[in-house]
Amino acid sequence: MNEIINDNTVILKNLHVSDSKGNTLVSSSSMNIEKGEIFGLVGESGSGKTLTAKSLINLLPDDLIFSADEMIVAGKNMLEISTREKKAHIGKNAGYIPQNTVFFLHPMIKIKNQIADGFIDHTNNNKKESLLKAEGILSKVGFSNPKLVLNYYPWQLSGGMRQRINIAMALMNDPKLIVADEPTTALDSTVQKQVMELFRSINDELNISILLISHDLGLVKNYSHSLAVMYAGVVVESGTTKSVFENPKHPYTQLLIDIIPTMKIKKTEPLAEIPGYVQEKGRDTKGCLFRNRCPKAMEICETYVKDHEEDGHYFRCNLD
Ligand SMILES: Nc1ncnc2c1ncn2[C@@H]1O[C@H](COP(=O)(O)OP(=O)(O)OP(=O)(O)O)[C@@H](O)[C@H]1O
């Protein structure tokens, strides 16, 4: 009964996450990730990107409470299966690349002993088979001498190489979905580009869906097919990347697009910012959470906010 006949890798409707004191952290958030697409999830720090992604892949901290009207991930209804089944399903079908990759790999354990674990846990393969598989994947992610790399300790590798190892680890179980949380934040711009091109080729060649979390709308514009913009725990706009960029509807999205740095900016010029900050508290209001920073706010925005959807382009705002 839990097998879903649907091509979408993720269907999420009305996600709500709160802390143990009942404070709302994420609310009314929905998204669909189609099979084989790169889906960008953007927003400022604290907007709920990581919590949303972690809800999907069963990694929410135990002290947080979540609910949703629908949550389908890689063909399974996550709201109807046991914790054990969820763990097995996610372990087999989803790879996670966390924000802080430096601490993700244990510095004192050889790569070969870290890369094999998840694969052995979720398949019936032994260590030898898993290392053979790892060699193939390491060359896919750009290592010319995978046998040598397997014998390295993480501290012997550069940041970009460690990130390639993390990507290889996420690929070991042939997942349907990879969640990459700010995967290039710690890298310099040349390595950043190489890593993003690697994600693109993985997506092209293996048809794996990628949930790309980033605060950088410019990066998401370049690499994603569709995207969702989050503000203060709420998805305020979503759609294909083309339609959101050609016709951004939400004032927050419009401002984010305006501040994407362009090549024309002189090095000495400061980057523009949106005045104000994302609110941490009071996220369960019926009104619009962006109203205090919104240049187009109206009185009604204090108590009400309207949902619009046309041809898969969604936005949540009282403007039409
Ligand atoms: N375990 C937790 N307990 C209580 N509040 C939390 C917890 N984890 C996150 N939060 C809060 O939930 C909100 C959303 O956090 P989240 O990490 O999802 O944001 P984000 O958009 O991923 O930001 P960043 O880019 O900084 O990681 C923030 O206000 C954060 O302080």
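This note comments on the ligand shell, a central strand pairing and the nonpolar core of a predicted model.

1. Residues are numbered from 1 along each chain as its sequence is written. Because the model is predicted, local features need pLDDT of at least 70 and side-chain atom pairs count only at pLDDT 80 or more, whereas totals for chains, interfaces and linings use all residues.

2. The ligand is surrounded by 15 residues (C-beta atom, placed from the backbone, within 6 Å of it), and the closest are L25, S45, K49, T50 and L51. Helix α1, residues 49-56, gives the most to this shell, with three residues (helices are DSSP runs of H or I, at least four residues, and strands runs of E, at least two, numbered from the N terminus).

3. Seven of the eight residues of α1 are buried (20 or more other C-beta atoms within 10 Å of their own, placed from the backbone), so the helix is largely enclosed by the rest of the structure. After α1 comes N58, whose phi is positive, near 60°.

4. Strand β3, residues 38-42, has five of its five residues buried and is therefore largely enclosed as well; I38, G40 and V42 point one way, F39 and L41 the other. β3 runs parallel to β9 (residues 209-214), with five bridges joining them, where pairing requires at least two DSSP bridges. L41 stands opposite I213 in β9 and also opposite A228 in β10.

5. In the largest nonpolar core, of 80 residues (buried Ala, Val, Leu, Ile, Met, Phe, Trp, Tyr and Cys joined through C-beta atoms within 7 Å), A168, V179 and L211 touch the most other members. Helix α7, residues 159-171, gives the most to this core, with six residues.

Note on methods:
Buried ≥ 20, exposed ≤ 12 C-beta atoms within 10 Å, placed from the backbone.
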